[in-house]
Amino acid sequence: MDGSLRENSFEFDGRGGEYFKIWIVNIVLTVITFGLYIAWAKVRTRRYLYGSTSIDDRTFDYLASPGTLFVSYIVMGLAVILLQTSMNFLPVVGLVLLGIYTVLFPWLMYKSLRFKTHNSAYSNVRLSFHGSCIEAYVIYLLL
């Protein structure tokens, strides 16, 4: 290697018909399972999109487990149900929860980006996320 920079561009070789089949199956299974399939649909879609995207003839991979996503979706769903229920029956408690969720939101976004990046790989090398939780708070709460 001579130390010079080489310019590479992203290439996407996916086909609309292939993606449409994945999308239709995901929609049907999500509806049939009353939304429980959504984590598997997300992983399936990302694996297709990542696998169809390359730089220098090497593709990306999405490594996340649908089970992990499913658990996080259940937790978030329960948090939303708790907030909605408390807003309807105990508005003061609902407002306190809303305040807590607002304070937690930047941390959740930070963790989400770290998870997504950690579970993405290029040429068998995991990507990394260098943002900080403090930066997330500055961006989401102060700006």
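Author: Buried means under 20% relative accessible area, exposed means over 50%, and partly exposed lies in between (1.4 Å probe, protein chains only). This is a predicted model: local features need pLDDT of at least 70, side-chain atom pairs count only at pLDDT 80 or more, and totals for chains, interfaces and linings use all residues. Residues are numbered from 1 along each chain as its sequence is written, and side-chain values use heavy atoms, without hydrogens and water.

Reader: Why is Y62 called buried?

Author: Y62 has a relative accessible area of 3%. The limit is under 20%, so Y62 is buried.

Reader: What makes N124 exposed?

Author: The relative accessible area of N124 is 72%. Exposed needs over 50%, so N124 is exposed.

Reader: Why is S123 called partly exposed?

Author: S123 has 27%. That value lies between the limits of 20% and 50%, so S123 is partly exposed.

Reader: What makes Y50 and Y62 an edge-to-face pair?

Author: Rings of Phe, Tyr and Trp (its six-membered ring) pair if their centres lie within 6.5 Å; planes under 30 degrees apart are stacked, over 60 edge-to-face, the rest tilted. By this rule there are eight aromatic pairs. In one of them, the centres of Y50 and Y62 are 5.3 Å apart and the planes meet at 75°. So the pair is edge-to-face.

Reader: Why is the pair of F60 and Y122 called tilted?

Author: Their ring centres are 4.9 Å apart, with the planes at 40°. That angle is neither under 30 nor over 60 degrees, so the pair is tilted.
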